[in-house]
Amino acid sequence: MKNILITFSTILFLQPVLAHEGHETPGVIKAVHGGTALPGKEINLEYIVSGTELKIHPVSHEGKDLNASQVKVSATAKAPKGKAENLKLENKDGAFVTHVDFKNAYRLEVNVMTETSGKKDSFKFQVEK
């Protein structure tokens, strides 16, 4: 009886471990450039924050970088108690680069709008100091 109980317990607890072996979590987007990836309807977006510099990489759903000529990107930043301000984006090394002004805020809400082949996407995320 003791052996049956031990065998049953072992099978019961090992089943979830073995069932998921070799599989990735569904819906997980890989960050190609080491930033944070966000899913979109038409494309994905990856952003990287370094100090006040914000880099935005438009990426296809297959994980390939999109050329700046293929995507129109605009962005705004808003402090918690402020109004949204347009960000000036520059194309640099395949990414859209801008600098954010935190002023006296600790974090900003960034809204990025993209247009690819006439189809629009929007992304929202927070940037912290």
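**Close-up views of a predicted model**

**View 1. The β6-β7 hairpin.** K92 stands opposite A95 in β7. The model shown in this and every other view is predicted. Strand β6 covers residues 90-92, and strand β7 covers residues 95-99. The two strands run antiparallel and are joined by three bridges. Together β6 and β7 form a hairpin, with two residues between them. D93 lies in the turn and has a positive phi of about 55°.

**View 2. Strand β7 beside β3.** Strand β7 also pairs with β3, in the antiparallel sense, over four bridges. One place to look is L54, which stands opposite T98 in β7. Is strand β7 mostly covered or mostly open? Four of its five residues are buried, so β7 counts as mostly covered, where buried means under 20% relative accessible area.

**View 3. The open sheet of four strands.** Strands β5, β4, β8 and β9 form an open sheet in the order β5-β4-β8-β9, with antiparallel pairing. Why do β5 and β9 each have one side without a neighbour in the sheet? β5 (85-87) and β9 (119-128) stand at the edges, and each has a single partner strand, so one side of each is left free of a neighbour in the sheet. From one strand to the next, the twist averages 25°. Strand β8 takes in residues 107-116 and is joined to β9 by 10 bridges. These two strands run antiparallel. Within this pair, V112 has F123 in β9 as its bridge partner.

**View 4. N86 on edge strand β5.** N86 is found in strand β5. Is N86 buried or exposed? Its relative accessible area is 68%, and a residue counts as exposed over 50%, so N86 is exposed. N86 and V110 are 24 residues apart along the chain, and their C-alpha atoms are separated by 9.8 Å.

**View 5. The largest nonpolar core.** This core has 23 residues. Which residues have the most contacts inside the core? They are L54, I56, V110, V112 and F125. Strands β2 (44-50), β3 (53-59), β4, β8 and β9 each supply at least two residues of the core. The strand that gives the most is β4, with four residues. Two residues from earlier views appear again here: L54, the residue opposite T98, and V112, the bridge partner of F123.

**View 6. The largest pocket.** The space in the largest pocket is about 180 Å³. It is lined by 14 residues, and those closest to its centre are A77, E85, D101, K103 and L108. Which elements give two or more residues to the lining? They are β4 (71-78) and β5. The largest share comes from β5, which gives three residues. By class, six of the lining residues are nonpolar, three are polar and five are charged.

**View 7. The whole chain, for orientation.** How many helices and strands does the chain have? Its secondary structure comes to one helix and nine strands. Read from the N terminus, the helix is followed by the strands, in the order α-β-β-β-β-β-β-β-β-β. The chain has 129 residues, and buried residues make up 29% of them.

Note on methods. Residues are numbered from 1 along each chain as its sequence is written. This is a predicted model: local features need pLDDT of at least 70, side-chain atom pairs count only at pLDDT 80 or more; totals for chains, interfaces and linings use all residues. Side-chain values use heavy atoms; hydrogens and water are left out. Two strands pair if DSSP finds at least two bridges between them. Axes are lines fitted to C-alpha atoms, for helices over the stretch in contact, and angles run from 0 to 180 degrees between N-to-C directions. On a 1 Å grid over the protein atoms alone, a cavity is a set of points where a 1.4 Å probe fits but cannot get out, and a pocket is an open set with protein on both sides within 12 Å along at least five of seven lines; lining residues have an atom within 4 Å of a point. Grid points are joined across faces, edges and corners, and a volume is the space filled by probe spheres set on the points. Ala, Val, Leu, Ile, Met, Phe, Trp, Tyr, Cys and Pro count as nonpolar, Asp, Glu, Lys and Arg as charged, and the others, Gly among them, as polar. A nonpolar core is a set of buried Ala, Val, Leu, Ile, Met, Phe, Trp, Tyr and Cys residues joined through side-chain atoms within 4.5 Å. Buried means under 20% relative accessible area, exposed over 50%, partly exposed in between (1.4 Å probe, protein chains only).
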